[in-house]
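Visitor: Could you take me through the ligand site of this one in some detail? After that I'd like a quick tour of whatever else catches the eye.

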Amino acid sequence: MPSSINRPRGTIDVLPGEVEKWQYVEESFRRICREYGYAEIRTPVFEYTELFDRGVGETTDIIEKEMYTFLDRSERSLSLRPEGTAPIARAYVEDKLFSGPQPVKVYYQGPMFRYDRPQAGRYRQFHQLGIEVFGAFSPAIDAEVIAMSMDFCRRFGLKLDLHINSVGCGVCRPVMREKLYAGLRTRLEDLCEDCRLRLERNPLRILDCKEKRCRGMAEEAAAGLNFLCPECGDHFEKVRNYLDVLDVKYIVDHCLVRGLDYYTRTAFEIMAPGIGAQRSVGGGGRYDGLVEMFGGPPTPGIGYAMGLERLLLVMQEQGLPVPCSGRLDVYIVTAEAELEGKALRLLQELRGNGMHADKDYAGRSMKAQLKQAGKSGAPFVVILGSDELRRGKVALKDMLSGSQTEVPLADLVATVTGEIDTHFTKVRRFKG
Ligand code: AMP
């Protein structure tokens with residue numbers, strides 16, 4: 001017998017039963033995006049490697065260690081996307097979205113790929129839900145983007161902490177870099193191997209190191225530094241004021257830099273309370289230079305991305321129910337084998353009226369069919385029996401209460417539709 005083949009390390013199969021939770025989160029995301037005026041954008045899963053080198057930053061962990069990069073048959077270097085912002089900024093330029101009405105507000109959802117050490121909440125293929133806004137300078141949009149990400153989490157009942165910071169701009173950020181460089185240069189031997197290199201190439205990255213010791217040293221070196229130029233300082237103050245107006249609570253964290261180089265000014269991260277390694281549920285910020293870096297006109301940008309797997313993990317940790325609607329509304333049971341054709345016709349009619357309906361196809365006894373009906377999770381079962389059918393009737397069983405009534409066959413679709421609506425208004429907290 002040939003040996004079996006497993007899925008690649010760091011990936012998961014989302015099976016029926018679990019996938020409904022994913023759909024629920026994805027659908028909730030779509031809904032909130034539409035409410036806030038965002039339209040969906042879909043870009044390729046792979047891009048030319050230089051897009052990420054240039055956009056995400058050559059000295060970031062993502063580019064240095066985590067990209068899935070390969071040569072295609074024409075020897076061009078391609079990479080599976082590790083994040084969504086650079087591809088969308090590329091599309092904004094390539095598809096000339098800058099020539100239409102501004103701002104352009106888009107959302108996306110889909111798989112991202114990073115070669116990292118897999119553990120709970122960290123995968124090599126994971127899924128992000130994100131938004132991007134191009135062409136808006138106002139600090140009001142920063143506040144709205146942050147508030148929307150928190151609103152999305154709040155709708156699930158999640159209790160999360162919001163950390164915000166301003167990482168400054170091309171004018172004032174070098175002051176921060178200098179301060180870090182000066183503070184850490186004398187303690188080189190205490191830094192991890194990666195951070196020794198980072199100190200020369202991009203000292204801000206040390207604030208983001210996975211080693212707690214390195215982060216602590218960088219935090220010490222940066223402590224008390226107010227490096228923001230007046231414009232960046234003013235922008236950050238306004239963002240905070242608007243967040244106050246919107247009643248969004250936040251923690252100002254001067255060491256929050258995030259793992260990608262393109263951020264300017266506002267940076268934020270949404271964290272699950274606690275001490276787990278994978279606390280970050282989502283994050284984002286402003287990237288005012290990115291579009292220009294890709295050859296587009298000077299255009300401000302801001303966005304965020306949330307991790308779908310992390311959201312579900314934290315929901316589970318916080319004991320939040322993920323409404324998982326049963327896959328079926330109605331199950332049909334036949335008392336006699338000759339009624340199979342009638343059952344098939346009725347199934348099609350129910351489905352044609354928008355109901356999720358199914359039956360047994362294994363030739364089981366009526367008792368066994370009823371057992372299957374129970375397992376299917378359908379709240380209603382229609383039982384076809386020749387005696388009842390002769391009188392133009394069928395039996396309708398409510399699986400929740402166990403009660404059974406006779407319904408005229410001609411009224412069945414209308415009756416079941418009504419019953420299903422009442423049932424799901426009672427059962428479903430969120431209906432798509
Ligand atoms: P980032 O693009 O690094 O800012 O990540 C945004 C969000 O994506 C994080 O807050 C996580 O929720 C999620 N995420 C990032 N990397 C992974 C990963 N390897 N596995 C699962 N989720 C991830």
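Guide: Here's a walk through the ligand site, followed by a few stops elsewhere in the chain. Keep in mind that this is a predicted model.

Let's start with who is around the ligand. Its shell is made up of 13 residues, and the closest are Arg114, Tyr123, Arg258, Ser280 and Val281. Sort the shell by class and you get 4 nonpolar, 5 polar and 4 charged residues.

Now for the polar contacts to the ligand's oxygen atoms. The side chain of Ser280 has an N or O atom 2.7 Å from a ligand oxygen. For Arg114, an N or O atom of the side chain sits 2.8 Å from an oxygen of the ligand. Val281 joins in through its backbone instead: a polar backbone atom there is 2.9 Å from a ligand oxygen. As for cover, the ligand on its own would expose 480 Å², and the protein buries 90% of that.

Which elements supply this shell? Strands β6 (125-134), β10 (280-286) and β11 (301-307) each give two or more residues, and β10 gives the most, with 3.

Staying on β10, look at Arg286, which is found in that strand. Its relative accessible area is 0%, so Arg286 counts as buried. It has a partner, though: the side chains of Arg286 and Asp142 are joined by a polar contact of 2.6 Å.

Next, the backbone oddities. In the loop between α4 (85-94) and β5 (104-113) you'll find Pro103, and the peptide bond joining Gln102 to Pro103 is cis, with omega about -5 degrees. Lys96 lies in the loop between α4 and β5 too, and its phi is near 55 degrees, a positive value in a residue other than glycine. With 52% relative accessibility, Lys96 counts as exposed, because the cut-off is over 50%. Glu75 is another non-glycine residue with a positive phi, about 65 degrees. You'll find Glu75 in the loop between β3 (69-71) and β4 (77-80), and at 61% relative accessible area it is exposed.

Out on the surface, Tyr242, Val245 and Leu246 make a nonpolar patch of about 300 Å². Of these, Val245 is found in helix α9 (residues 230-245) and is exposed, with a relative accessible area of 65%.

Last stop, the salt bridges: the count comes to 30. One of them pairs Asp247 with Lys249, with the closest N and O atoms 3.4 Å apart. Both ends are out in the open: Asp247 is exposed at 59% relative accessible area, and Lys249 is exposed at 64%. There's also a network in which salt bridges that share partners join Asp61, Lys65, Glu66, Asp116, Arg122, Asp194, Arg198 and Lys210.

Two other pairs are worth a look. Asp13 bridges to Arg7, with the closest N and O atoms 3.1 Å apart; Asp13 is partly exposed at 49%, and Arg7 is partly exposed at 47%. In the Arg205 and Asp208 pair, the closest N and O atoms are 3.8 Å apart. Here Arg205 is buried, with a relative accessible area of 5%, whereas Asp208 is partly exposed at 31%.

Note on methods:
Residues numbered from 1 in each chain as written. Predicted model: local features only at pLDDT ≥ 70, side-chain atom pairs only at ≥ 80, totals over all residues. Heavy atoms only, no water. Near = heavy atom within 4 Å. Polar contact = N/O pair within 3.5 Å; in protein donor to acceptor, adjacent residues only side chain to side chain. Areas by Shrake-Rupley, 256 points an atom, 1.4 Å probe, with all protein chains shown as cover. Helix = DSSP H or I, 4+ residues; strand = E, 2+ residues; numbered from the N terminus. Nonpolar A, V, L, I, M, F, W, Y, C, P; charged D, E, K, R; others polar. Patch = residues over 30% accessible without salt bridge, like charges linked within 9 Å, V, L, I, M, F, W, Y side chains within 5 Å. Salt bridge = Lys/Arg side-chain N within 4 Å of Asp/Glu carboxyl O. Buried < 20%, exposed > 50% of the residue type's maximum accessible area, 1.4 Å probe, protein only.
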